[in-house]
Amino acid sequence: LEQFREQIAALEHTLSRIERRADDLDRRLAQTELELQLQEIRVAEAVASHERAESAWAEVERNVGELEQSLERLGDDLRRRLLALYRLGGHGYLRLALAVDDESDALVALRQLRFLVRSDLRSFERFRSTREELGVQQSELLARQKEVEAWVDAEVDRRRELAASRARQEELIARLERERGSLVDRAESLRRRESRLARLVDLLEGQEAPELQGTPIAEFRGVLDWPVEGEVVTPFGPRRDPRYGTLVPNNGVEIVASEAGEARAVYPGRVLYAAPFQGYGYTAIVRHAGGGLTLYAGLRELQVERDDVLALGDAVGDVGARLYFEIRIDNQPEDPLLWLR
């Protein structure tokens, strides 16, 4: 019996914890959905940047190739020109000018000399600037290559993060499904528990017993004392879980006692049942005049036995963490808050 009671308490605690965590799981699921979208966009950004960097790399590579070919042509031309000047020996340009026989052609020779000098200087300058531009382009090519490699690494990392986000989302969905199944099972367990209790009450009501004398309990509707001082945490009536749609029956109220104490009879009557009941713990059912029943469950200990006659306010049992309390009239559950003052 103690093991059963411990298991019941553990299950109730677990259910309460799951219900509190359900909202948090929903928030985390929405968060992972946003993370997933963000990671997908980051992957797309990495892919686009990778492609752009590769395109720029290819363009710079083409420029480097063209500059290398141009530099090679300029180098060949420059080598041929320098070789020709070398063959003229020292003061090559001056020797070309002095080689003119006719004095009348001296001016023409000087103009040709100036043209040759300027042409050679331009060729050399083109060679030098092309070589410098090639160096710049080669440096840019190296930088582009590093940029491509960096984006490749970023793409790999972001795909890994995307996979991790998907895994977290799938795990959360699986957890939600498991906890949904747990709540559904719990709801079904509560329905079975209520059904067993209803059968017990039907059985007790069907037993032949002398009619109780006195004023019917119905005349005191709305003015009965509370069985225990405390706060109602579970109201009367079936509750539908807003998340999973499971319907949880509840024919009474659950009261968290303000302090440890005793549950007391709300009206005089005779004890029909006083024993542990599966799913409810220690339970007492009291019959009252006028076809009324009150039920006290979740007691830590009973202080009554079957067939005991109780006066108003007599102790029924010691209250545990919560007291489950029902009122039935003609075996039909009614909201206890309509009967208590």
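Leaving aside its neighbours within four places in sequence, which residues is glutamine 138 in contact with?

**View 1. Glutamine 138 on helix H3.** This is a predicted model, and the close-up picks out glutamine 138, which sits in helix H3 (residues 106-206). Once neighbours within four places in sequence are set aside, the residues in contact with glutamine 138 are Val64 and Glu68. Glutamine 138 also has valine 60 at 8.1 Å, C-alpha to C-alpha, though the two are 78 residues apart in sequence. The glutamine is partly exposed, with a relative accessible area of 38%.

**View 2. The largest nonpolar core.** Here we look at a core of 27 residues, where Leu224, Tyr296, Leu299 and Val316 have the most contacts inside it. Strands S4 (253-257), S7 (281-288), S8 (292-302) and S10 (315-329) are the elements that each give two or more residues to this core. S10 provides the largest share, with six residues. Zoom in on valine 316 and you find it touching Ala263, Arg264, Ala265, Ala284, Tyr296, Leu299, Leu302, Gln303, Val304 and Leu310, not counting residues up to four places away in sequence. There is also a second, separate core of 13 residues, with Leu197, Leu204, Leu295 and Ala297 among them. As general background, nonpolar side chains tend to be buried together in soluble globular proteins.

**View 3. Strand S10 and its partners.** Twelve of the 15 residues of S10 are buried, so the strand is largely enclosed by the rest of the structure. S8 pairs with S10 in the antiparallel sense through nine bridges, and one pair to look for is leucine 295 with its bridge partner in S10, glutamate 326. Strand S5 (residues 262-264) is also antiparallel to S10, with three bridges; arginine 264 stands opposite alanine 315 of S10. Strand S11 (residues 332-334) joins S10 by three bridges, again antiparallel, and isoleucine 329 faces glutamine 332 in S11 as its opposite number. Two residues separate the strands in the hairpin of S10 and S11, where aspartate 330 takes a positive phi near 50 degrees.

**View 4. Strand S4 and its two faces.** On S4, Val253, Ile255 and Ala257 make up the covered face, while Glu254 and Val256 make up the uncovered one. Strand S1 (residues 230-234) runs antiparallel to S4, and four bridges join them; glycine 230 stands opposite alanine 257 in S4. S4 also pairs with S10, antiparallel and over four bridges, with arginine 322 in S10 as the bridge partner of valine 256.

**View 5. Asparagine 250 in a loop.** Asparagine 250 belongs to the loop between strand S3 (247-248) and S4. Is this residue buried or exposed? Asparagine 250 is buried, because its relative accessible area is 5% and buried means under 20%. A polar atom of its side chain lies 2.7 Å from the backbone oxygen of glycine 252. Leaving aside neighbours within four places in sequence, asparagine 250 is in contact with Glu194, Thr234, Pro235, Phe236, Gly237, Pro238 and Tyr324.

**View 6. Threonine 283 in strand S7.** This close-up shows threonine 283, which lies in S7 and is buried, with a relative accessible area of 1%. A polar atom of the threonine 283 side chain is 3.0 Å from the backbone oxygen of glycine 281. Beyond neighbours within four places in sequence, threonine 283 is in contact with Tyr273, Ala274, Ala275, Pro276, Phe277, Leu295, Tyr296, Ala297 and Leu302.

Terms used: Residues are numbered from 1 along each chain as its sequence is written. This is a predicted model: local features need pLDDT of at least 70, side-chain atom pairs count only at pLDDT 80 or more; totals for chains, interfaces and linings use all residues. Side-chain values use heavy atoms; hydrogens and water are left out. A nonpolar core is a set of buried Ala, Val, Leu, Ile, Met, Phe, Trp, Tyr and Cys residues joined through side-chain atoms within 4.5 Å. Buried means under 20% relative accessible area, exposed over 50%, partly exposed in between (1.4 Å probe, protein chains only). Contact means heavy atoms within 4.5 Å. A polar contact is a pair of N or O atoms within 3.5 Å; within protein, one must be able to donate a hydrogen and the other to accept it, and residues adjacent in sequence count only if both atoms are side-chain atoms. Two strands pair if DSSP finds at least two bridges between them.
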